[in-house]
Amino acid sequence: MAKLSPTRQKVMQHLNIVGQLQPALHVETHAPYPDEVNNAYYKAYTRSPHDVGGEPDISIRWEEKEEEEWEHNTFITCECLAWRGVWNAEERRRRQNVDLGQTIYLGMPYYGRWLLSAARILVDKQEITLTELVNKIAEVKKRYE
Amino acid sequence: MSKSHHAEKATGIGDPQCFKGEAGPPKFKVGDKVRIKDLPDIFYTRCQMYTRGTPATVAEIVYESPAAEDEAWDNTEQVEWFYSLVFKQRDLWPEYPDAYTNDTVETELSERWLEPA
Amino acid sequence: MAEKHKPAPMVDEVSEFEILELAVRELAIEKGLFSADDHRRWSEYMETVGPLPAARLVAKAWLDPEFKKLAVSDGVKASLEVGIDWINDMPSNFGTPSDYCNLRVLEDTPKLKHVVVCTLCSCYPRPILGQSPEWYRTPNYRRRIVRWPRQVLAEFGLQLPEDVEVRVEDSNQKSRFIVLPMRPEGTDGWTEEQLTEIVTRDCLIGVAMPHPDRKADDMRPVHPAVNPVKHP
């Protein structure tokens, strides 16, 4: 079998990972029939992910964190976008803490969601096209090769 | 796409100050006993699930603002009164220890979430 | 492995987060959504915020009953007296987009102890208290403090008598909160400066209480950054 190129290795690894990235009620689901989703499950799936008050959780070690430069820049970008009227903070919260969905909510870092939401608002409000975003990301990546 | 007009309305004034006077008379007053309505929570809410159906006391009438559920889509024409509400922990959580019977939670909700208890 | 003699990388490996952050900021500036100058100005504003003004507000309230009344009834007006203008300190001149302009100061009494959380996200009174700590943002803190407050407070080293009302303030809308804790014993005759020193960030959130011997919050593990913010 031919050796996979680095790109193809990454693609195959990605397909393996996302194949395991599924909603977890400790039951695998692959788009069930409607009669398999009762009202309690409907409520669970359509919940606002940010609404966590009162959920049980374990005791953890309370930690502080040193801020990454990109996290700081992300925060400033989000505030500047609101300052200059692209969105307001409540739109940001809705997109960042609910629209991204349950998996991203708990799977990605806090400022990762801020960043994804900032990227997304630019496309949704047609300030940029997705093509422009894709090309810019590729261009930035190239600088680090 | 057109920008939000918030800067025009709020510059030098602040938010929620910029919505002052737009909500009409408040429906509830300090001391009123209310219950939190369990309105549908489709797509977005800032009325925490843990408060739904629970009695509370109005502690303060805090400000006027569009409800978060509307502001989250930049719909700011309808403005509501916001209230600070105090809940008894023993009304919220069945297992809350009797020993801590005075404990409370306080949170703010817009008028649409409240009905007389 | 064949990679035993791999040459050292010329640059640090860059993360997808860093790449996307640059891409978003550059595109936003290219399209005129905000300017590079805007970004720098807001960054400079954020460098000015920290917990000292809130600490001073508490110290002032301890020393002056009239100021305490003002602080409890009008937090924004009281903030002006410690040099914080919730509306005009920042380049927008309408407050910060995320923190609004409605500070509420929560007065602790011998029978009432407040602790602040934002169960829905991590809302925090940045203009007067600075950036929120990492633990405050965690789903864990937000899940548990509102339902098991005494357990969580005990983990922070705070235990309260049974008859004290522990009130969890869930900061879920436009108000932002600081706690005005009880003035501790052993501070008679102290100056405003001396009192300010013992009102730490954790006391202002409500997970600690001021003590005459305590000028800093408890040491906690600090998760390091890969590429931390460079301070001027």
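1. Two residues are in contact if their C-beta atoms, placed from the backbone, lie within 7 Å. On that basis, the contact between chains A and B takes 16 residues from chain A and 17 residues from chain B. The chain A side of this contact holds 3 nonpolar, 7 polar and 6 charged residues. Please read all of this with one caution: the model is predicted.

2. Next, chain C against chain A. Here chain C gives 55 residues and chain A gives 51 residues. On the chain C side, the elements that give two or more residues are α1 (16-30), α2 (36-48), α7 (134-137), α8 (139-144) and β5 (222-223). Helix α1(C) has the largest share of that side, with 12 residues. By class, the chain C side divides into 30 nonpolar, 9 polar and 16 charged residues.

3. Chains A and C also pair through strands. Strand β1 of chain A, residues 64-65, runs parallel to β5(C), with 2 bridges between them. Which residue of β5(C) is the bridge partner of Lys65(A)? The partner is His223(C). Strand β5(C) is also among the elements on the side of chain C that touches chain A.

4. Now the sheet that chains B and C build together. Seven strands, in the order β5(B)-β1(B)-β2(B)-β3(B)-β4(B)-β3(C)-β2(C), make an open sheet with mixed pairing. Its edge strands are β5 (114-116) of chain B and β2 (112-117) of chain C, and each of them pairs on one side only. From one strand to the next, the twist averages 40°. Strands of a sheet pair through backbone hydrogen bonds, either parallel or antiparallel.

5. The chain B part of that sheet has antiparallel pairs. Strand β1(B), residues 33-36, and strand β2(B), residues 55-65, run antiparallel and are joined by 3 bridges. Within this pair, Arg35(B) stands opposite Pro55(B). Strand β2(B) also pairs with β3(B), residues 80-88, in the antiparallel sense over 7 bridges. There, Ser65(B) has Glu80(B) as its bridge partner.

6. The chain C part has a parallel pair. Strands β2(C) and β3(C), the latter spanning residues 165-170, pair in the parallel sense over 6 bridges. Val116(C) stands opposite Glu169(C) of β3(C).

7. Chain B as a whole. Its secondary structure comes to 3 helices and 5 strands. From the N terminus on, the order is α-β-β-α-β-α-β-β. The C-alpha trace spans about 55 × 30 × 25 Å along its principal axes. Of the 117 residues in chain B, 40% are buried. Take the contacts in chain B with a separation of 6 or more: 62% of them join residues 24 or more positions apart.

8. Chain C has a domain split. Domain 1 covers 18-45 and domain 2 covers 49-205. The centres of the two domains, taken over C-alpha atoms, are 31 Å apart.

9. Strand β4 of chain C deserves a look. Is this strand, residues 176-180, mostly covered or mostly open? It is mostly covered, with 5 of its 5 residues buried. In a regular strand the side chains alternate between the two faces of the sheet. In β4(C), Arg176(C), Ile178(C) and Leu180(C) are buried on one side, and Phe177(C) and Val179(C) are buried on the other. Strand β1(C), residues 103-107, runs parallel to β4(C), and 5 bridges join the two. Arg104(C) has Phe177(C) as its bridge partner in β4(C).

10. Finally, the nonpolar cores. The largest has 71 residues, and Val58(C) and Leu204(C) have the most contacts inside it. Helix α3 of chain C, residues 52-63, gives the most to this core, with 7 residues. What does Leu204(C) touch, leaving aside its neighbours within four places in sequence? Its contacts are Pro51(C), Ala54(C), Ala55(C), Leu129(C), Ile178(C), Val179(C) and Val199(C). Two of these are familiar from the previous point: Ile178(C) and Val179(C) sit on opposite faces of β4(C). Apart from the largest core lies another, of 31 residues, and it includes Phe75(A), Trp114(A), Leu20(C) and Leu33(C).

Definitions and conventions: Residues are numbered from 1 along each chain as its sequence is written. Chains are lettered from A and ligands numbered from 1 in the order in which they are written. This is a predicted model: local features need pLDDT of at least 70, side-chain atom pairs count only at pLDDT 80 or more; totals for chains, interfaces and linings use all residues. Helices (H or I, at least four residues) and strands (E, at least two) are DSSP runs, numbered from the N terminus. Ala, Val, Leu, Ile, Met, Phe, Trp, Tyr, Cys and Pro count as nonpolar, Asp, Glu, Lys and Arg as charged, and the others, Gly among them, as polar. Two strands pair if DSSP finds at least two bridges between them. A residue is buried if 20 or more other C-beta atoms lie within 10 Å of its own, exposed if 12 or fewer, and partly exposed in between; C-beta atoms are placed from the backbone. Domain bounds come from an automatic or database domain assignment. A nonpolar core is a set of buried Ala, Val, Leu, Ile, Met, Phe, Trp, Tyr and Cys residues joined through C-beta atoms within 7 Å. Axes are lines fitted to C-alpha atoms, for helices over the stretch in contact, and angles run from 0 to 180 degrees between N-to-C directions.
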